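Please open the model in a viewer with residue selection enabled. The tour below proceeds from the whole chain to single residues, stop by stop.

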Amino acid sequence: MDGILLIDKPKFITSNDLVIKVKKHLNEKVGHTGILDYAASGLMVLTVGKATRFTQFFQGLDKQYIAEGKLGEITDTYDSQGKVIQSKPVNITHQQLIEVINSFIGEYDQLPPPYSAKKIQGKRAYQLAKKGINPELKPVRVKIYNIQILEINLPYFKIKVDCSSGTYIRSLIKDIGDKLNTGAYMSDLIRTKIGEFKLEDALKLQDILDKKDIKLIPLKEALYFFEEIQLTPQLERAFKYGQKIKLDTDLKGMFKVINQEGQILGLGKIEEGVLKPEIVLS
């Protein structure tokens, strides 16, 4: 059983616990391509079997979220699971909120939440924060491609965000509150897309646990973001043995390598006309 599994994570389960449940049920090696907060729900992409060798390539895909924010309060975790550490009046208009939300479209340096999985000298930031240590986090350059305002019902607002991998929506909500001088925390979060994978195509966790025969997305199809390069039978054998292959091409970069039957052989990197095997499927 090898391929990609799209799963709709329910609220109030950790991403790691979800992976453990699926792994135990399928009796296969399972990896995740990016965690979701405990209180968040929505799309997770799991790699199964031999596909776990390709996990890293799914981690950098863009994301889409639907998030709800509450103005007027700041929590230590930047979301509803934390302790309120500051309260402020919400004396703003709808137009002011709209203008501030839209001002975040584009690139900006975002500070990750103190309760996050970011590593600091080998420790997770949340592990330090739980001990009362203020983790020294560094801003990360993120890109907000688009923000659609879905609803405003002060002090609450709901937005759909298309963003680069590594963007913390909790931090975005807090940054919106900071810019308005009202404070804010994320009160709800749903991940709706990862790359071209959509939440509506995902299976519910319970449906997976109730079934023995789960249909996976084949690896060749799942790696849609890599262009294909096809090898002759002779070059296929060389690739499978991990040998570098001289090609008559000007192409550069990482490619999905297939044989003449259309079967995926792995991933290879082309530099200066030479194909170097990166991952070879046995």
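The chain holds eight helices and 19 strands, where helices (H or I, at least four residues) and strands (E, at least two) are DSSP runs numbered from the N terminus. This is a predicted model, in which local features need pLDDT of at least 70 and side-chain atom pairs count only at pLDDT 80 or more, whereas totals for chains, interfaces and linings use all residues. Residues are numbered from 1 along each chain as its sequence is written, and side-chain values use heavy atoms, with hydrogens and water left out.

**Whole chain**

Display the C-alpha trace: along its principal axes it spans about 70 × 45 × 40 Å. Of the 282 residues, 47% are buried; buried means under 20% relative accessible area, exposed over 50%, and partly exposed in between, with a 1.4 Å probe and protein chains only. Among contacts (heavy atoms within 4.5 Å) with a separation of 6 or more, 68% are between residues 24 or more positions apart.

**The largest core**

Select Val22, Leu46, Ile159, Ile169 and Ile176, the residues with the most contacts inside the largest nonpolar core, which has 41 residues. A nonpolar core is a set of buried Ala, Val, Leu, Ile, Met, Phe, Trp, Tyr and Cys residues joined through side-chain atoms within 4.5 Å. Which helix gives the most to this core? It is α5 (residues 169–180), with five residues. A second, separate core has 22 residues, including Val45, Ile217, Ile264 and Ile279.

**Helix α5 and its end**

Colour α5 by accessibility. Ten of its twelve residues are buried, so the helix is largely enclosed by the rest of the structure. The buried set includes Arg170, Lys174 and Asp175. The end C-alpha atoms of α5 are 17 Å apart, which agrees with the 16 Å expected for twelve residues at 1.5 Å a residue; the expected span is 1.5 Å times one less than the number of residues.

Move next to Asn181, in the loop between α5 and β12 (184–194). Although Asn181 is not a glycine, its phi is positive, at about 60°. Asn181 is exposed, with a relative accessible area of 53%.

**Leu97 and the cis peptide**

Select Leu97 in helix α3 (residues 94–102). Is Leu97 buried or exposed? Its relative accessible area is 0%, and Leu97 is therefore buried. Leaving aside neighbours within four places in sequence, the contacts of Leu97 are Leu71, Ile92, Ile152, Leu154, Phe157, Ile176 and Leu180. Measuring from Leu97 to Ile245, C-alpha to C-alpha, gives 57 Å, for residues 148 apart in sequence.

From Leu154, step along to Pro155: a cis peptide bond joins the two, with omega about 10°. Pro155 sits in the loop between β10 (140–153) and β11 (156–163).

**Helix α1 and its end**

Highlight Ser15, Leu18, Val19, Val22 and Leu26, the buried residues of α1. Seen down the axis of α1, they fall within an arc of 100°, so they line one face of the helix; the arc is that of the directions from the helix axis to the C-beta atoms. Ile20 and Lys24, on the other side of α1, are exposed. The cover over the buried residues includes β1 (3–9), β2 (30–32), β3 and α6 (205–210). Not counting residues up to four places away in sequence, Val22 touches Leu5, Ile7, Val30, Leu46 and Leu205.

Asn27 lies in the loop between α1 and β2. This residue is not a glycine, yet its phi is positive, about 55°. At 68% relative accessibility, Asn27 counts as exposed.

**An open sheet and helix α8**

Finally, select the five strands of an open sheet, ordered β15-β17-β18-β19-β16 with mixed pairing; two strands pair if DSSP finds at least two bridges between them. The edge strands, each pairing on one side only, are β15 (228–230) and β16 (245–246). Strands β18 (residues 264–271) and β19 (residues 274–280) run antiparallel and are joined by six bridges. Across β16, β17 (253–258), β18 and β19 lies helix α8 (residues 233–240), at about 85° to β18. Axes here are lines fitted to C-alpha atoms, for helices over the stretch in contact, and angles run from 0 to 180 degrees between N-to-C directions.
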